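Let's walk through this one together, a piece at a time. Have the sequence and the 3D view open while you read.

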Amino acid sequence: MDFEQLSSVRKDFLESNLLLTERHLINSAKWSSEALNGMIQLTREQQYAEFQMMKRSNNFKSSNAPNSLSSPLLSSASFEPSATASYAIGSTGFESTSTNANSSTHNFTATNKILGSTTTGQGSTNSLNFLPSAFTGGSLTGELEAQQDYNNLSGVKNENEEFNQFIERDVISLADSYFNCKEYNRCSDVLKNCKSYRALFLRLYSLFLSGEKKRTLENGTVLGQNDRNYQNPNLTTIIKELEEYKTSNNISSLNDPFLLYLQGIIFLKSKKMSHAQEMFYQSLSLYPINWSCWKELIVSLSTFSEALRMINRIRKNTKFTDRKEYYLMFLFFKITVYQEFYQISNEVLSNLNDLCEIFPNFSFLKTQKALISYNELDYATAENIFDDILKSDPMRLDEMDIYSNILYVMENRSKLSYLAHYAHEVDPLRPETCCIIANYHSIKFDHQKAIMYYKRALSLSQDCLSAWTLMGHEFVELKNSNAAIESYRRAVDTNNKDFRAWYGLGQAYEVLDMHLYSLYYYQRACSLKPMDKRMWQAIGNCCEKLEDYEDSIKSYKKALSVSIDSDPAILCKLGHLYSHIDDAKNAKLYMKICLDQELNGEITDETTKARLWLAQHEMLNSNWQLAYNYAVDLTQGTSQEIEEARAIAREARMKLNTSTSSKKAFL
Amino acid sequence: MPNDSPNNSMLTFSPLLTTKRVRDHFQTPPNPFKDTPKDLNISNNNHNQNTGNTLLLPNSYIHQSSPQNSKLVNLIISESIPDSNSTIIHDNESNTTKQEINSNSNNIRTNMTADVTGLPDMSNIHENSTTSNNINPITNNNGNNNNNNNNNNNNNNNNNNNNLNNNNNSNTNNNNNNTSHNNLESSTIVDANQPLTQADKLRLWRHDALLQHHYKTAVYIGDKILSLTNDPNDAFWLAQVHYAANNYQLARNLLTGPKFEASVGCRYLAGLCLYKLDKMDEALDIIGEVNPFKKDHSIRNPDGGIKLEASMCYLRGLVYTKQNNFDKAKYCFKEAVLVDAKCFEAFDELISNHLLTPDEEWDLLENINFDDADNNNELVKLLYTTHINKYKKLNLYEDAKQRLIDEFDLGDNIDILLSQAELLFVKCKFQDCLDLCAKIIDRDELNISALSNYLSCLYELGGKNKLFLMAHKLAENYPNHYITWVAIGIYYFSIKQITEARVFFSKASMMNPNFASAWIGFAHTFAADGEHEQAVSAYATASRLFPGTHLPNLFLGMQYLQMNNFTLAWEYLSYSYSICPTDPLLLNEIGVLNYHKNELQRAEVYLRQALISSKSLEYGSKAWCSIHCNLAHVYRRMNMFEKAVNHFNEVLKIAKNDVNIYSTLGLINLKQGKIANAIEYLHTALSIQPNDAMATDLLDKALDLNARIANKKFLDEAMKSTAINNFKRGHSKVTEVLKSSMSKRKISGNLSNNLSDELMDIESD
């Protein structure tokens, strides 16, 4: 066959690969691309000739229909079975294929949804005034700008890279097919000699995934013997490759957003948070509509002040304020950050509402809303929102585990049971489903089964954030402190912003009488949720156990200051503490305040204790009358307390009598 | 048969044409008639003759003409694998014959070594004797027939090839016919030029038999010739046959007597036999303890062959090596190379057994007189330059390599590749080295240095599975070769079965005491078991055997370092340093030694130096990491925390998680008063290894400090923040609460007062 015929065969196979991938017939697509790569190799001249041909037809096409560039998703969707069109997709459909690739494993679906809604929602929302002015300039040009901007920055525009991508397109299509079939090693191997950014990313990303696969395989069962002994073996290789790539291209830092993202993930995996943040930031300033990247950025932030610093930094970047797609993504990020750190301000709420105007049907935003309510302990609202989500998108299981948590807290057994059965019906092998079922078992006090389901959830996905913590709780219920500690530890390893896990760690160590340890964990929990009195109480308790009464008093005072209504327990504790350091005056003061709580509430153990203490105190100070008064009113409490109170009353009465009698005698 | 025609036979079996024929046959099998008539005839012939013939070789075999290859073949042959390897033998023959014809030289040189595949025609001995300053008295007029002999020789060759071809045919009848026939023809052709005597014909027969390794025939006929002529030359040749047949004692016996004593060639062969018979002292008696031909190396062999004098020196060196007299051996080998640059054997002995220090190697290279190699002098010099150590003068090496590739087009030659692989190994670029070595081994299965590099790289990179495969392959194919046992040893070492590994290493070092890897591996097994004393003695042996490599001394130093014997450690390390001052590992060890001796400044200097010399190292290799770590520890001890942290971070960026690094970072942070960070780091350390004693200890300390200091700060700040931030919400609320409760208290106070009043009243009543 001559060159013409060969190249037409070539085109046929390339086309079929794209078409079949489009239809998700991945095995067929794999066959096509293997056939394509098994054909006679072209010489460099022939390749260049084809490249020129493609470019000419591509220019022609793009001048005729600028829309094809506007949205990568659209362009690949409007597939035409002509050769020229397929080439156009081959070179410009970079994002589309790479997003597809991502979505198959990572949670990229959110991005796709955002993208989808952006393109559909833009027509009607031109008048929204909170967005930067560029946004009103028309949706298509904005998109175009973004595309070009990305191209310029990443250097894809330059001729060489384009040519590289062109000549490697056969191999890349083959690699894509392998990737889709989850043959990661094969994918990375086939791309060994490719030079383009795209090939490099795909190669390293598949290496990374193959390493992850190996890691989960080697680690065995969750919390088993080998668990965590095995790291992703490919991380070092990838880092090295990236370094080599940098040195060989003579650049100080990477300039491809996806490579940056990849490097960020790797830094994150090896716990180099500041490095990871830097990478994610750079990646996002090159290409913002990559939600996974934002998400990982949030994971890499460990304290709220750090998060605020990052937000400020992003805000200072003019790109994020001037350009609408950047700004939108920034808003999404901001809301999520505030939500995850349990910090809510009016500004954020208004941002959320603004976004909801553009994306009224976007489940992600709804979930955020629900989570905010949940964090504010407004369970009913959260429940309503989740009901709504479930109605509009019945097959959606994402974040439904949070819904089950809400139901658990509300002790809504029937609904939880329904949700568990429903989720099981939709897909029994989703980590979310397993979490829901675990919650269901937990509310039935079947802790063993709950743990089993949490373990299942975790073996399905290691990143299941809440499962670790909840499993820890279950272990606590079973009085298995060591296992509880281990799972809490894993919880804070995967998400160090989870105050429940930190608190749980503190509690578990407290059980083991290791107060130094628990103090530290309470501190961590406390810094995450400084407005929660329980945290401060826990610290105070720890300090007390460590016989550091001053500090204990301080933290109890703090607890008192953050609680909305004064808690008799804290007051009582403070009284006791003061009495411990022989500060009778303050002790008395707090005991009295504590006792006063009886007036606007029911009688509690603490108030009883306070009463008893006061009675004893007055006895010591020979205020018989007062002591008698306190003691007589003690009607509730343990038998011992009542007994004691009676004794005091008797004694006080006797003293009183003698004193009155002596008074009388005196008189 | 078409080749029966006398006119054709010579053409038909000309080796050059043979190769061509085979090639043609391969490329266009069905088209034999495309070529010139001559070729046509040949291919026809071939077609008839070679139905199902095993001689059809892949082209690659035929084109390979590297000395390495033929060496390999020699080795194979001398290891006597008679039947299966006929193809390779053929290849070799065609090679040598091809070279011979191409070079158009008269002399097919015999090295008089074990080179059985060379073509020892009769002229050689005369040539040799005359060229080595006429020491050989036993010349006869056969020397005049050089040219004719060459003719004969060609002819012989043809016959050989023919025979060989036929031998491989199943049809032995045909074979016999053919052989006799061709012999007859060749003799008739020779006859036309010059008549041959009966003895000459027998001699031809003998050579023929020798070439085809029909040693019995050769001995039989040789013996008859000797009896017929009683010529010392024939005795010599009979001895050669015996030597080739591994009957060293017989060869030796033949060569006793005063008339042989005078001939250098005979003495050399006799020495060689004695060497093979392990009679070192006798061998030395024969060849002399020192070189008898002092000075005057300037006279060149007119024929350009290897001077016998050099060979003698080489043999002397071998004997001394066997006697463990390495200084003398080194001297002899050096002498051999200096006498004749073409004596590669001696040069190789020097280099691959690490008998010279790097500086000495370069000195030697500068002093070698390459004029002996005639117009190849440049080539040989470049080749030798690429062969020696890669520690120093890398630019010269690179130059040489580049020139070899550009000018001589040897970029694909195994030895050039090998030298590149060695360079990569020295630079610790194991992956690249591995790839290159794999390529070499693909082409040359038993290339010792490539194999040993390959195995080491596999070990470094943790390729257990490949090690296993390689070891098995070697054990299958070369069960009697020491490299096989080294490979098995390395495999066991890599799967941490130290005892087994030791057995195999020791076996390998018994088989070839001059193989450095085996000794060092043997020593490593002791080191891995923590048996320092034995490790030290094994390393010491290695260092005695291989003074040219710094590694044994380095390892000795490391052992002593582990045994906390700093003086001895320093001694060995500094000796090693004098051999190779650029090895980053060595510099690292010296740095560590100084660190232990509390000389932090010096430690820093050495480690910095190590860092500089490791620049050429691959980014993030093991060695690179440990240097950074050690430097960080030094800085930590010097209280330069910032720098220490920087270096640790550098390592963490690339390396797998290491408990020590995290614990140390925890310690540093603790010292700097960053308690929270310290706790974080220590937690990470413990999450990697939950029962690490140091980390646990530090964590307890850190948590204690946390409770005592950080907690106060934390609470104070919290109180302050309540005071400032929550002033509106929190504080006011507190005051409110307090106020309200106060007021309530007042009320209750009133109440209680009232109550008490009432009570009083009651009681008073």
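What share of the contacts in chain B with a separation of 6 or more comes from residues 24 or more positions apart? The figure is 59%. Keep in mind as you go that you're looking at a predicted model.

**Chain B as a whole**

- Chain B is built with 40 helices and zero strands.
- Of the 765 residues in chain B, 52% are buried.

**Repeats listed in UniProt**

- For chain A, an unreviewed UniProt entry lists "repeat: TPR" at residues 257-290, 465-498, 499-532 and 533-566.
- Take residues 465-498 of chain A: this span is 79% helix and 0% strand, and its end C-alpha atoms lie 9 Å apart.
- Residues 533-566 of chain A are 79% helix and 0% strand, with 10 Å between the end C-alpha atoms.
- For chain B, the "repeat: TPR" label, again from an unreviewed UniProt entry, is given to residues 310-343, 482-515, 516-549, 625-658 and 659-692.
- Residues 310-343 of chain B are 79% helix and 0% strand, and here the end C-alpha atoms are 7 Å apart.
- In residues 516-549 of chain B, helix makes up 79% and strand 0%, while the end C-alpha atoms lie 9 Å apart.

**Helix pairs: how to read them**

- When two helices pack, we describe the pair by the angle between their axes and the distance between the axes.

**Helix pair H1 and H2 in chain A**

- H1(A) covers residues 3-22 and H2(A) covers residues 26-37; their axes come within 8 Å and cross at roughly 160°.
- An angle over 145 degrees counts as roughly antiparallel, so H1(A) is roughly antiparallel to H2(A).
- The crossing of H1(A) and H2(A) is left-handed.
- On the H1(A) side, the contact includes Arg10(A), Phe13(A), Leu14(A) and Asn17(A), and on the H2(A) side it includes Ser28(A), Trp31(A), Ser32(A) and Leu36(A).
- Sorted by class, the contact of H1(A) with H2(A) has seven nonpolar, six polar and one charged residues.

**Helix pair H16 and H17 in chain B**

- The axes of H16(B) (residues 280-287) and H17(B) (residues 308-322) come within 10 Å and cross at roughly 155°.
- That angle makes H16(B) roughly antiparallel to H17(B), and the crossing of the two is left-handed.
- From H16(B), Met280(B), Ala283(B), Leu284(B) and Ile287(B) take part; they meet residues of H17(B), among them Met312(B), Leu315(B), Val319(B) and Tyr320(B).
- The contact of H16(B) with H17(B) is made up of eight nonpolar, no polar and two charged residues.

**Helix pair H23 and H24 in chain B**

- H23(B) (residues 414-426) and H24(B) (residues 430-443) have axes that come within 8 Å and cross at roughly 155°.
- H23(B) and H24(B) are therefore roughly antiparallel to each other, with a left-handed crossing.
- Residues in this contact include Leu417(B), Leu418(B) and Phe425(B) of H23(B), along with Phe430(B), Leu436(B) and Ile440(B) of H24(B).
- By class, the contact of H23(B) with H24(B) counts eleven nonpolar, one polar and three charged residues.

**Three residues to find in chain A**

- Asn351(A) sits in helix H21(A), residues 346-358. Is Asn351(A) buried or exposed? Buried means under 20% relative accessible area, and Asn351(A) has 8%, so it is buried.
- Setting aside residues up to four places away in sequence, Asn351(A) touches Leu331(A), Lys334(A) and Ile335(A).
- Leu371(A) belongs to helix H22(A), residues 363-375, and with a relative accessible area of 11% Leu371(A) is buried.
- Beyond its neighbours within four places in sequence, Leu371(A) is in contact with Gln339(A) and Ile402(A).
- Leu371(A) and Ile406(A) are 35 residues apart along the chain, and their C-alpha atoms are separated by 9.6 Å.
- Leu465(A) is in helix H28(A), residues 465-477, and at 37% relative accessibility Leu465(A) counts as partly exposed.
- Which residue lies 30 residues from Leu465(A) in sequence and 6.5 Å away in space, C-alpha to C-alpha? That's Asn495(A).
- Leaving aside neighbours within four places in sequence, Leu465(A) contacts Thr494(A) and Asn495(A).

How values were computed
Residues are numbered from 1 along each chain as its sequence is written. Chains are lettered from A and ligands numbered from 1 in the order in which they are written. This is a predicted model: local features need pLDDT of at least 70, side-chain atom pairs count only at pLDDT 80 or more; totals for chains, interfaces and linings use all residues. Side-chain values use heavy atoms; hydrogens and water are left out. UniProt positions are given in the numbering used here, feature names are shortened, and annotations may be inferred rather than shown by experiment. Helices (H or I, at least four residues) and strands (E, at least two) are DSSP runs, numbered from the N terminus. Axes are lines fitted to C-alpha atoms, for helices over the stretch in contact, and angles run from 0 to 180 degrees between N-to-C directions. Angles under 35 degrees count as roughly parallel, over 145 as roughly antiparallel, 65 to 115 as roughly perpendicular and the rest as oblique. A crossing is left-handed if the near helix is turned anticlockwise from the far one by less than a right angle, and right-handed if clockwise. Contact means heavy atoms within 4.5 Å. Ala, Val, Leu, Ile, Met, Phe, Trp, Tyr, Cys and Pro count as nonpolar, Asp, Glu, Lys and Arg as charged, and the others, Gly among them, as polar. Buried means under 20% relative accessible area, exposed over 50%, partly exposed in between (1.4 Å probe, protein chains only).
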